[in-house]
Amino acid sequence: MIKFVLMVNRQGQTRLSRYYERVEVTRRAALEADVVRCCLSRKKEQCSFVDHRDVRLVYRQYAALYIVVGVTDTENELSIYELIHNFVEVLDKYFSRVVSSDPINQPTNQPTSHQSCVCVCVCVFVSLQSELDIMFNLERVHVILDEMIQNGHVVETNKSRVLAPLHALTKMADAS
Amino acid sequence: MSDVVEKTLTALPSLLSLDSQPGAAKLSSTSKLGNLIRGITELTSKHEEEKLIHRELASIKEQVSSPNTSMRQMKELMVRAIYCESLGYEASFSYIHAIKLAQQGTGLEKRVGYLAVSLFLNENHELLLLLVNTVLKDLQSTNLIEVCMALTVVSQMFPKDMIPAILPLVEEKLNHPKEIIRRKAVLALYKFYLIAPNQVQHIHNKFRKALCDKDPGVMTASLHIYLQMIQENAEGYKDLTASFVSILKQVVGGKLPIDFNYHSVPAPWLQIQLIRILSLLGKNDQRTSEIMYEVLDESLRRAEMNHNITYAILYECVKCIYTIHPKSDLLEKAAKCIGNFVLSPKINLKYLGLKALTYVIQQDPKLALQHQMTIIECLDHPDLIIKRETLELLFRITNTQNVVVIVEKMLEFLRMSTDDYTTIDLVGKVAELAEKYPSDCVCFSYKNYTYAPDNEWFIETMNTVFSLSGDTMQPDIPNSFLKLLSEGFESVEEDRKLRLFAVDSYVTLLKGETGKLPQFFLQVISWVLGEYSHLSEELKPATVLELLQKLLDRKQTSSETKSWALMAMTKLCEGRAGVSVAQQVSETYISSMDTVLRQRAQELQHLSQDSELRARVLPRDADLEPLEVDSSLSFLDGFVSEALAAGAAPYKPPHQRQEELSQAKVLSLEPYGLSLPISMSSCSIADRQSPTLLSMSSGLSGDSTDLSHKGGSTTLKFEGVKRVWGKEGYLAQKESVEEAVQVEAPSPLRSTSQQAEVVGSHSQTPTLTPTPEPEQEKQQLASSLFFGISSQSSVCLMGKSGPTPQRFRRKAKGQSSSSGATEQMSNSVVFTSTTVDNLLCNNPPDSTITSEVDVSSSKHTSELPQGLTAANGTCDIEAELTDSDLKGSSPPLSGDNGLENADPDPHENLDKPQGVCLSSHLPAELSGLCRSEITPLCTLQNLDLSACHVHREDTIVLVVFITNSSDSAVQHIRLDLDSELLEVSCVSESPAKDVRSVAVYLYSLTVRRPAVHVELAGTVSYQVPVGTPQTAQFSYKLPLTAFIRPLTVSTEEYGTMWLAFSHDTKQNLTLINDGQEPLVATLNVLRKKLQLHVVEVIGVEGILACKLLQDQPCLMHFRVHEGALAVWLRSPVPDLPDCLIYHCQRALQEH
């Protein structure tokens, strides 16, 4: 089961957090700080999974941004590891046009294979600027995450289906 | 509007490409959120962040409450509030506005409102109720997006009690034409199932419909419910196995639309979910398992692509294959798969491989052998989590042969670990292993050391565990360790060695730097030194005292540890030097603010001055006898009743006092919570109505015993302590080698090269090609780690999912010598009274007793002539009898038990005719009554004195028979009886002054002062026609029970009497468990044996009454409490309750 999803930058600042288990707001900051410290201290060649107290952390780094998922030890870590990537791909699919104004990312607009996908993701998060682009659309990232994970379980991984409600909302906003 | 939305949903894919300027871009970086984020990002100190956020929150607060704020602005404010909260600053003022936004906003505004609600509130928040109406309205909306939003929030959180209000609407959505609505409705029902399973009981068939939905998304959603339900009850869903299998087949076969693929793998998370469901269904079920073999094989085959996600699926497959009923070719493939994982250079895969191995090793320990070299490498892996997982794996394959090496590896890890959580976990595991494995195992060599779990190893391992764990250890570890030490093992000699070793090692530790030792450890050390330092011959008590004193003087020593140290000193303060140290120390702590310390100091002071008392209070090796803790502190009852009589308020437990205080709305005494008198006096004198009310005093005692539990060694609990640590000697090294070779041979899974290595490392066969040094070391380690794993018999697996293994298991214990001895001892102690009681009840003594009787009676008779030849007139036998009586080593009175004893012993046959004769001389009015056996009192030349006592309803009659066996008449017989405890009045004397055959004397007895046994001393004097007057002394003993009669009272009378009586005593007795209701059975035994009257039995409580002749009542209150019988006796007569308790105990023991 998934306990929480965190997005933190290299400075240890929380960009997004979603808890599927009750944790008091006042306790969260300390927990997040520990989690970040835990992940930041890891080397590249080390395992992407690490224990923090009774939580197993599965983390992935995208340039300056870390996405950390806390799971119970009965969870399949590797599937969560790939889930993070799926999430990032969804974000990329949604925001690619936003950052497409940035000339660097222009050519990677239409990802076709796995390789280019990774490429895009790296591009998306490559600079502080793009990290902030995500931040400026915090509520949308949350909406996307809500479509994918509920109650600590993976509920949808199909990219177009994940994005459908958000697109519909945007469309509605544009129409009104 | 809804048309637009409908269109939107259907035309999604095209919209994606057409919409060149989605709303996402509208929020520019110049917005206020943008400014906030930028501001935060640029900050460097926490302090600045705090300042900035507080400013931000203040401004948000101002704006949200302004009536002019538009919904659009509100949405923006809400996002900022979300951000602030995610940084750890509470924004509770915005919660209500989030609900308002969800209610009044449209589109994205509404969504943000719902989002904020789901982020801010938890399931039980009261504000959530305000959301119900909004959800209800949105569920009925024609706008599909709004329905979607409502269903999303419902599946995230919803107040449990309000489910019925929306359930029909959600159910209705299950038939909605749009898949997204159906899917979200299923997820909402899943949430309902999680929080209130009963509410959705009736729609289980609809779940089945969802499972068969033509849309894969809806089907996927329904799997969440099924996984949950199958986890709870796999039996109920076996019929669905084929459906799950066919779904998985289709998914694996690529029948799903292409957009479900992730990196060309069809719906991997769905596959994982399905495999998990299958493994739950196939567990321990061959038939169901058979249905899924094919699809699992297919999954294994398809998942050969080189990508993480396929490995994730494979991992799930492997787990499934090892969970369900085994199939050999699948197992083989799974094993190969694990092999690929653990050998992979990719670290994540290696980790997953280890995890899989840890799991499957419980089913197939041989698999560990295949990968032993990899496991060894992983043990020294630089990545801690790999190491940790490897230790977890090893923990599961420990057996007697490898435990030392594995524990060593774990301790190595512990030394490096900085994380409390890991430390606590590992310390627990090491302690478990150290205590689990007895030392009777094989020696083997590793790095030139001989490793065998023995005494030294155990103590040293525990030392390391204690020192490493710091003060974070679970408190049961030191407790169990001490119990283990004190309980001992099979061999007394080994116990002594173990304890001695512990003492020596602790003395060495204390002599060194103690600053770093954790408090727990110091407490253990103190206890062990106090209890066992006398075992060491060269160690003087003064040295230990000095060390303990040093410990006391240290600032870092906690007061709890100090009280342990004081306790230890109390046990050790011997001799002049000891006493002076004790005095000095107790001086220091006698005025301590800590009450426990103060009490310990008092104890130390008093006991050090009174060595006799000390020996009684703190006997050495007291651990052999189980200590009964009088948790009700009954010994204080006298004190309490005196205090109560003097007008003190009855005791109330702290919680009740607190309650009353808060009700009375008086000043809170919280800070003075510890000072009892204040709160006591503030209590009203509560009505004293019943024993239950008064038994509140046990609340007090509970508290104080708890304290002494912590502080005092004498209160260690011994019940339920399991022991495992024992020693039966080691197997010789040679044997181990042989065994190793044997063990390796039958393992079919092992490659020949590995086999050669292992065998080589054990037997050092010369054919072995020389291997480089480090390599060899690894192999040696491997051989020691995996020793004995393939020999099925010695494998000891510790199930991961099984119940937590009990720490400290008791070894299969036969009649251990020590306990046998205790039993015997107690047998002999009770013996005198047993026989007396047996006599009394006219029951033949049981076989063990008779056998001893035989021996002693033969002795008895052989001594008779000696006694007779001693012509000083007093009977020597008498003296000897009382003597032996005191010692309790031989039966005094039953040697010549008369008629009733059916034992055909020749010695007794002598007496038998006499017994027959005597009983015929009983006065007619006594003949039908219950009486004791006739016992000889003394013999003088031709005269035999015998006696018995007869139970009459209102009195007890002592009958003394004087038998003249000679022809000549005996004259002037004078019989004087006297007793401190009894009042003796003569009822009748035999009229004849000259006794030719038998003279009978009757006396009526009344108890003056109760005692467990009451004794009469008598003198008989007489004259024979020719010769000097003769005198002889004798004694006769009766149990108090002879004077007990049932007292018939009603419950009401009982109640009033209870309150009137001042002398009482409490004790716990053992319950009789022979099939029927224990309380009733126990009371019945007591009633029969002691002649009690059962007033009433209600539930677990029973009240009984009896009287001591003539009219001295005693009331008894019995209550079954935690498997024991708590007895409370009250009487107006001092000592009576105590004596009765004794007889109750006896009666139950004999039963």
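In what order do the elements of chain A run from the N terminus on? In this predicted model, the order is β-β-α-β-β-β-α-α-α-α-β-β-α. Chain A thus opens with two strands and ends with a helix. In total, six helices and seven strands are assigned to chain A.

Chain A consists of 176 residues, and 66% of these count as buried. The contacts within chain A were also examined by their separation along the sequence. Among those with a separation of 6 or more, 56% are made by residues 24 or more positions apart. The surface that chain A exposes amounts to about 6,100 Å², and carbon and sulfur atoms supply 53% of this area.

Chain B was described in the same terms. Its secondary structure comprises 49 helices and 18 strands. Chain B has 1151 residues, of which buried residues make up 55%. Of the contacts in chain B with a separation of 6 or more, 68% are accounted for by residues 24 or more positions apart. The accessible surface of chain B comes to about 51,600 Å², and 53% of that surface belongs to carbon and sulfur atoms.

The two chains touch one another. The size of an interface is often given as the accessible area lost when the parts come together. For chain B and chain A, the buried area is about 7,200 Å². Carbon and sulfur atoms give 57% of this buried area. On the side of chain B, 87 residues take part in the contact, and they meet 72 residues of chain A.

Charged and polar pairs were then counted across the interface. Between chain B and chain A there are 10 salt bridges. One of the salt bridges links D146(A) with R111(B), and the closest N and O atoms of this pair lie 3.4 Å apart. That distance satisfies the salt-bridge limit, because a side-chain nitrogen of Lys or Arg has to be within 4 Å of a carboxyl oxygen of Asp or Glu. In addition, 31 residue pairs are in polar contact between chain B and chain A, with both residues at pLDDT 80 or more. The element that gives the most to the side of chain B touching chain A is helix 11 of chain B (residues 179–195), which provides eight residues. By residue class, this side of chain B divides into 43 nonpolar, 23 polar and 21 charged residues.

Individual residues of chain B were considered next. H949(B) is found in strand 6 of chain B, which spans residues 943–951. With a relative accessible area of 2%, H949(B) is buried, because a value under 20% falls in that class. The side chain of H949(B) is joined to that of Y1036(B) by a polar contact of 2.7 Å.

Positive phi values were noted at two residues that are not glycine. A267(B) has a phi near 30°, and D1135(B) has a phi of about 75°. A267(B) occupies the loop between strand 2 (265–266) and helix 15 (268–282) of chain B. D1135(B) is likewise placed in a loop, here between strand 18 (1124–1131) and helix 49 (1136–1150) of chain B. Which of the classes, buried or partly exposed, applies to A267(B)? A267(B) is buried, at a relative accessible area of 4%. D1135(B), by contrast, is partly exposed, with a relative accessible area of 37%.

Definitions and conventions: Residues are numbered from 1 along each chain as its sequence is written. Chains are lettered from A and ligands numbered from 1 in the order in which they are written. This is a predicted model: local features need pLDDT of at least 70, side-chain atom pairs count only at pLDDT 80 or more; totals for chains, interfaces and linings use all residues. Side-chain values use heavy atoms; hydrogens and water are left out. Contact means heavy atoms within 4.5 Å. Buried area is the accessible area (1.4 Å probe) that two parts lose on being put together, summed over both. A polar contact is a pair of N or O atoms within 3.5 Å; within protein, one must be able to donate a hydrogen and the other to accept it, and residues adjacent in sequence count only if both atoms are side-chain atoms. Helices (H or I, at least four residues) and strands (E, at least two) are DSSP runs, numbered from the N terminus. Ala, Val, Leu, Ile, Met, Phe, Trp, Tyr, Cys and Pro count as nonpolar, Asp, Glu, Lys and Arg as charged, and the others, Gly among them, as polar. Buried means under 20% relative accessible area, exposed over 50%, partly exposed in between (1.4 Å probe, protein chains only). Accessible areas come from the Shrake-Rupley method with a 1.4 Å probe; for residues, only the protein chains shown count as cover.
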